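Visitor: I have the two chains open on my screen and would like to test the labels people attach to them. Could you walk me through the reasoning behind each one?

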Amino acid sequence: MSIITSSTRRNFLKISGVTAGGLFLGFNWADADAGGFNALSPEKVLSGDISFNSYLSISPEGVITIFSPNPEVGQNIKTSFPMIVAEELDADWTRVKVLQAVLDKKYERQLTGGSGAIPHSWERLRKAGATARHMLVEAAAKRWSVPSASLTTNKGMVMHKETGRTIGYGDLATEAASIAIPSDVRLKDRKDFKLIGTAVRNVDNADIITGKPLFGIDFYREGMLFAMIQRPVSFGMKLKSVDTSAAKAQPGIVDVVTFKNNVAVVGKSTWAVNKARKLLKIEYEKEGAIESTADHDRILKELLDSPDATSRRKDGDVDAAFQAASQIVRSEYQCPFLPHNPLEPMNFFAHVREDGVELVGPTQTPELARTETAKLLGISPDKITLELTRLGGGFGRRLKADYVLEAVELSSIIKAPVKVIWTREDDMGGGSYRPAVRYRFEASLDAQGNMTGYRLRGVGINANNSTREDNFPSGAVENLLIESVEHKSPITTGAWRAPITNFLAFAEQSFLDEVALAVKQDPIQFRLNLLNRAKTSPVGAIRYDIDRMIGVIQLAAEKSGWGKKKGLSQGFSVYFSHRSYVAQVAEVEMKQGKPIIQKIHVAVDCGIVVNQSGAEQQVRGGVVDGMGHAMFSNLTFKDGATEERNFNTFRLIRLKEVPDVDVHFVDNGIDPTGLGEPALPPTGAAIANALYKATGKRLRNQPFVLQEELKGVKLGERM
Amino acid sequence: MATYKLQINGKSVQTDAESDTSLLWVLRDNLGLLGAKYGCGIGQCGACTVHLNGVAVRSCSLPVSAIGNNKVTTIEGLSVNGDSPVQAAWHEVDVPQCGYCQAGQIMTAAALLAKTPKPTVAQIDDAMHPNLCRCGTYHRIREAVVLASNKMK
């Protein structure tokens, strides 16, 4: 569908005719505040200068087109967003067509990150559907001269029960367009939901399973050039000199250009540029610190005792609590850097022309890509178009615009349309990692086993705040001190699925297990006691919902038969992140002396589940992601460069290593909270706590398989 | 640069390429068959999986000069309407998340079932284990292979 820019009613109807007729309803995703929803009249939609962010259209044939503005990265937003609109519209889902919207500044929060899309848009999407439904009902009432209250809707039809008359939305669409936009609409009662809460298949399945070109790397255009970029292999090094002659002489090579620290090989095919690139002769020189993993290990340990820490939260008098303690538990935990490794490596198409810039590709933050491009080129953002492709994974890597800007800069230099492709080695060696972090936890306990004091210090390498100071158990402990220390490094870091909490949750929930066992309490009961204390006598601000956390703990305990299973070692973990609550129980069975992770029970409170199928996928995927990286994945550095550069040395979890994962959702009717990330953080600790019970070995560092504690312990594959 | 005559998806096609070019990039850059994906370039992830005479192979690690008259099948040639038992099962079970690895997963599963129509759980695990899925759709991959097997007569 093309963008419609004319402004008169007459034009609207005319254009409607041209574009197969029907009702265009703009809806402003931005104005869902109480009563402020601003469903735009068709005239306004057509004026082109009103801030509408997306719209649905209904053709005379009754086909409903819904635009989905947010980048689809595998979180299934392209299915669940339209489901919400279609629910309130009472559309026939089989006749809904979903289209990815291009980047439009009128959309709000057109990004994928922070598990925030559904929570952010829930209300406005519902109102968008309900507003259209209202107008269709009014149009039918007018046509039949009956009160609109006597009409009902179902599956794209308006019905008049008394007379048995029915009419399809398509037949009403043009008339409905002339109905006044209601200032407020009534939303459905949750019990009347027909689509929300069911399992709806991915709207792009047909294209995915037939190999259609959906992804950025699949974008080809006649005359387009291909490029690969050699960046410094070591962090802390910069370009000194380059001899491009051998590379330039290769067949299929158009040019070799240098900008910033990059040497770009441009040619007529991916193979040609990849091959020629190997012939570049480049010298680098030192620009900053050249670090290795051994340096990081030393720095992280040293900084745990640094006198310069940033205080993040302080309740009571923690020193006094430790002085009065009858028992103190102290532990340290550490994780390595991790690359994001979306299976589709970074890539982007850019065509910088005299009159504007065309961008096509996979990004979690299209708006950032556009504003940064405008800044780089010194042009107005209005001159830049960005077409969003499907993303072959993101995990936070595609929140950054670095790989977009490289394509832009290259295209502006060579004055040609170009697609820049990263190899896996470029991707894994190219930075923006989950930061390496080390934590020290300390708990003071009184003679009755109550936790009287709690100290956490986090040291991170380019992690900013490596703690989440207001998360549990803050609020439940009278004396508490949370601090962070930062080491600045040339190694670039970035948000990695469930930033910080992807490791902090493991460390914290393992430590609480250690404390519970030290005072001989059941790990679940120990946490419930803390939560009850937070409820009856809260300490400082509490930024999590105690009852929701208790809810998932109890559900996980019930579904896993906690403490009642013979021959299985169970480990527990619970975490609150991205507005949602997830508790997990991992089960380990010893077979011929080998621990086998058999199953993980997951209890999730993400509020109302929009799509059962997609939601279960997000939870299972998060658990697999959390488990895989906790157990296997390790990125190490030697002289500033990563030692692992591809999947032959960097280990990702594979099919046989995955246990059964049972997913249970709390049904509480709360408006949806996040789901793309919250299932990941608790997984590592559930597994480590179960492995401890099974083997007596406490895992404090990741990845598990490389730890001293697991030497001689043969992990069994689940069969 | 040499000219190669390849048998792809039941058709004979001709293309010019350097002899060491991998089949993957010939498919993608020369022939516009974009279903096979680049993931690692060293045969470790399986996103580029195609069939060579019905056997699942890594197209990223096969030079075009080695193909000869062997029959290449890509995801685009697996079925006319995208409704082969494996593809139908993939949809029914709703396997994909981001979807990037799924063409390779489907090609691996299709090759397994062509040879072993009723695989055991262990055979499914052995066949599918080499294919990475970064989103972690492994549970549904297992389920879909079983369903596809049941769909086959």
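Guide: Gladly. Helices and strands here are DSSP runs, a helix needing at least four residues and a strand at least two, and they are numbered from the N terminus. With that in hand, Ser115(A) can be placed in the loop between S4 and helix H4 (117-144) of chain A. Please keep in mind that this is a predicted model.

Visitor: What makes Ser115(A) a residue with a positive phi although it is not a glycine?

Guide: Its phi is about 50 degrees, and the residue is a serine.

Visitor: And how do you know whether Ser115(A) is buried or exposed?

Guide: Burial requires 20 or more other C-beta atoms within 10 Å. Ser115(A) has 24 within that distance, so it is buried.

Visitor: How does Asn53(B) count, as buried or exposed?

Guide: The exposed class takes 12 or fewer neighbours. Asn53(B) has 11 C-beta neighbours inside 10 Å and therefore counts as exposed. This residue lies in the loop between strand S3 (49-52) and strand S4 (55-58) of chain B, and its phi is also positive, about 50 degrees, although Asn53(B) is not a glycine.

Visitor: Why is strand S3 of chain A called largely enclosed?

Guide: Because 4 of the 5 residues in S3(A), residues 64-68, are buried, the rest of the structure largely encloses it.

Visitor: What makes S3(A) and S4(A) a pair?

Guide: At least two bridges are needed, and these strands share 5, running in the parallel sense; S4(A) covers residues 96-100. Thr65(A), for instance, stands opposite Lys97(A) in S4(A).

Visitor: How do you know that the length of helix H11 of chain A agrees with the expected span?

Guide: At 1.5 Å a residue, its 12 residues (366-377) should span 16 Å, and the end C-alpha atoms are 17 Å apart, which agrees. Just after H11(A), Gly378(A) takes a positive phi of about 65 degrees.

Visitor: Which residues of H11(A) are buried?

Guide: They are Pro366(A), Ala369(A), Arg370(A) and Thr373(A). These cover an arc of only 95 degrees around the axis, so they sit on the same side of H11(A). The general rule fits in here: an α-helix has 3.6 residues a turn, so residues three or four places apart point the same way. The buried residues of H11(A) pack against strand S16 (357-361), strand S17 (384-388) and helix H12 (402-414) of chain A.

Visitor: Which residues are buried in H4(B)?

Guide: In H4(B), those are Ile124(B), Asp125(B), Ala127(B) and Met128(B). Their arc is 165 degrees seen down the axis, so they line one face of the helix. They pack against H3 and H5 of chain B.

Visitor: What makes the radius of gyration of chain A agree with that of a compact globule?

Guide: For 719 residues, the globule value would be near 27 Å; chain A has 28 Å, which agrees. In addition, 54% of the residues of chain A count as buried.

Visitor: How many residues does each chain bring to the contact?

Guide: Chain B brings 46 residues and chain A brings 47. By class, the side of chain B that touches chain A has 22 nonpolar, 18 polar and 6 charged residues.

Visitor: Lastly, what makes the bond between Phe472(A) and Pro473(A) stand out?

Guide: That peptide bond is cis, with omega about 5 degrees. Pro473(A) lies in the loop between strand S20 (451-461) and strand S21 (479-487) of chain A.

How values were computed
Residues numbered from 1 in each chain as written. Chains lettered and ligands numbered in written order. Predicted model: local features only at pLDDT ≥ 70, side-chain atom pairs only at ≥ 80, totals over all residues. Expected span 1.5 Å × (residues − 1). Arc of directions from axis to C-beta. Contact = placed C-beta atoms within 7 Å. Nonpolar A, V, L, I, M, F, W, Y, C, P; charged D, E, K, R; others polar. Rg over C-alpha atoms; globule rule 2.2 N^0.38 Å.
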